[in-house]
Structure formats: C-alpha cells, structure tokens
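I am keeping these entries to record what I looked up, one topic at a time. I begin with the chain as a whole and then turn to single residues.

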Amino acid sequence: MKAPAVGADLIPGVRWRWVDEALWVLDKSAGVSVLADRTGAPSLHEALKAWQDGEARRPRPRIVHRIDKDTSGLLLVALNAEMERTLGAAFETRSIGKWYLAQASAPLPGDARRGAERHRITLPLRPGRKGRMRVAGPREAIQHRAQGGLWVHEVPPALEQPGGQSALTVARHLGGERYLVRLHTGRTHQIRVHFAWLGAPLKGDPRYGRPDDAAQHASRLGLHCHALLLPEIADGISRPRRFTSPLPKDFPSDALAT
C-alpha cells in the first residue's frame, strides 16, 4: 500500500493531517460532503472508495466521525476493523474530546451583562420539520442563570417536551461573537440549534437563522472542527493524542473577534 503524504489532497478540499497504519486524520473544507448528495459534487465517501480501488486495499477506510457539509475541520478515518471498533466505542462513551470554533451573529445571553467567559447549554433536542432539529421545549421556557463565571442555559425538566435527547454544549467566549465550543454529546446540528435558540445563530447558517439578517451574512457557515483529543489506544502505534486544524482563511469574522 502506498502511504498518503501528510499535507497532500485526497480530493480538492480534503487534506491528510495524520497518516499511520490504523488511522487517518483528515481536514476538510466547508462545502465538501462526507456522503454523496444530490449535487453530484465529489464526496469524501466516494473519494475513499476510489482510493481503495486504486490501491487494491481491503478493508475500505471507514469514516468514524462525520461533520456537516458546510462545516470545515477534522474527521477520523479508521483503516482496520479494530480501530473502527475502538473509535466507535470511544464516541459512544464520549471519551473523545471535540472542540469547535463558532462564529455567532450575536452574543450569547449573559455576555454583555456579566462578561461571562463560559456557557453551559443543556437544551434537549428532538427532530423538527424538514430535516431540522429543535429544542424539546418552548423557546420562552428557556432559563438563563449565572453561576459564578458560568452562564447556564436550560429548559426546566417540567417543561421539557417528549422525545427530547440530552445535549450538552460548553462554550467559552473568545471575544466579539466568537466561541470555542466543546461538544459533550453529538446530536445532529447540536451547536447550530443551541446557538440559534439562544438568539445567536451562527453566521452563514440559513437553516437555523434568519437569511435576511445582515448580521448573519457570510460566504460560509461559521463552524470549524478545530481539535480532537483521542483516548489512549493500545495498538502499538505511536501517535499524538491531540489533533488540531488551523482556522481557514474563509472563516467568517466580526470586528471584535480575535
């Protein structure tokens, strides 16, 4: 098998960040689909299949960490069944750390009033209409309370609606309307829904924001998978546990963000 070169492109918009015998870490641009969609544009899944065919390799590399088409950043690809099981179990037990950079179109509640540096968002999520997700509770029922330097945003249990799944997002204010976000659960569109329901939809996100709002205008979604922290994996291969992706040049910004 010919080893891919770190820094080389798998397809336009997808680059190898780490390569060894069991694991690839890929870095994708916004606008590249992980799975094939109706546009017919190249997808990561098809690219991996073409690479497998070209290298006559078995088994096929397996994507174990997906991010939205409009989100940029890191993905994990397992090259054997053992690594696929190990990473799958680690995601199930939430022992893989995931950090995103998010550019909102407005501050989260509490930033302006108290200068809070961190937000703990525990709004449960459930499927909504037309493939969207929504908070399992009335928007007006969301409560915001200060707890030291932390703001907590939650729906009281008595007002939660049926069918909601627990979802925990922790965001650290970086200045302006930019946040470093750690996902403790991995619900569909979790960061996008949590920010939108708190009145701070991400820039460039018409699905959960207001497309006619000038504050949201951006050439791409303001969400980037910036860092992944893996647990110890005892497979005899020496690799770093933390992988990072620099912020892309096309990432939205505001005047105050650093």
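**Entry 1: charge and surface.** I looked up the charged side chains to begin with, and the chain has 39 positive and 26 negative ones, with the centres of the two sets 3 Å apart. I noted next that the accessible surface comes to about 12,700 Å², and that 49% of this surface belongs to carbon and sulfur atoms.

**Entry 2: confidence.** I must keep in mind that this is a predicted model. The chain averages a pLDDT of 88, and 91% of the residues score at least 70. Among the elements, I found the highest mean pLDDT, 98, in helix α4 (residues 190-197), and the lowest, 58, in helix α3 (residues 111-114).

**Entry 3: overall build.** I counted 4 helices and 15 strands in the chain. The radius of gyration is 19 Å, close to the 18 Å that the globule rule gives for 258 residues, so the chain is as compact as a globular protein of that length. Along its principal axes, the C-alpha trace spans about 55 × 35 × 35 Å. I also looked up how the chain is packed: buried residues make up 48% of the 258 residues, and of the contacts with a separation of 6 or more, 61% are between residues 24 or more positions apart.

**Entry 4: helix α4.** How many residues of α4 are buried? I found that 8 of its 8 residues are buried, so I wrote the helix down as mostly covered, with under 20% relative accessible area as the cut-off for each residue. The list runs Q190, I191, R192, V193, H194, F195, A196 and W197. I then chose I191, which lies in this helix, and I saw that it counts as buried because its relative accessibility is 4%. Leaving aside neighbours within four places in sequence, I191 is in contact with Y100, V181, L183, L202 and L223. I also checked I191 against K69, which is 122 residues away along the chain, and their C-alpha atoms are separated by 14 Å.

**Entry 5: positive phi values.** I reminded myself that most residues other than glycine have a negative phi. Which residue takes a positive phi just after α4? I found that this is G199, at about 80°. I then looked for positive values outside glycine, and H189 has a phi near 55°. H189 sits in the loop between β13 (178-183) and α4, and it counts as buried because its relative accessibility is 14%. R94 is another residue other than glycine with a positive phi, near 60°, and it is found in the loop between α2 (81-92) and β6 (97-103). R94 is partly exposed, because its relative accessible area is 47%.

**Entry 6: H119.** I went last to H119, which lies in strand β7 (residues 118-121). Is H119 buried or exposed? I noted that H119 has 0% relative accessibility, so it counts as buried. Not counting residues up to four places away in sequence, H119 touches L108, P109, D111, L150, W151, H153, T169, V170, A171 and Y179. I followed up Y179 from that list: H119 and Y179 are 60 residues apart in sequence, and their C-alpha atoms are 9.7 Å apart in space.

How values were computed: Residues numbered from 1 in each chain as written. Heavy atoms only, no water. Helix = DSSP H or I, 4+ residues; strand = E, 2+ residues; numbered from the N terminus. Rg over C-alpha atoms; globule rule 2.2 N^0.38 Å. Buried < 20%, exposed > 50% of the residue type's maximum accessible area, 1.4 Å probe, protein only. Contact = heavy atoms within 4.5 Å. Areas by Shrake-Rupley, 256 points an atom, 1.4 Å probe, with all protein chains shown as cover. Lys, Arg positive; Asp, Glu negative; His and termini not counted. Charge placed at Lys NZ, Arg CZ, Asp CG, Glu CD. pLDDT = per-residue confidence, 0-100.
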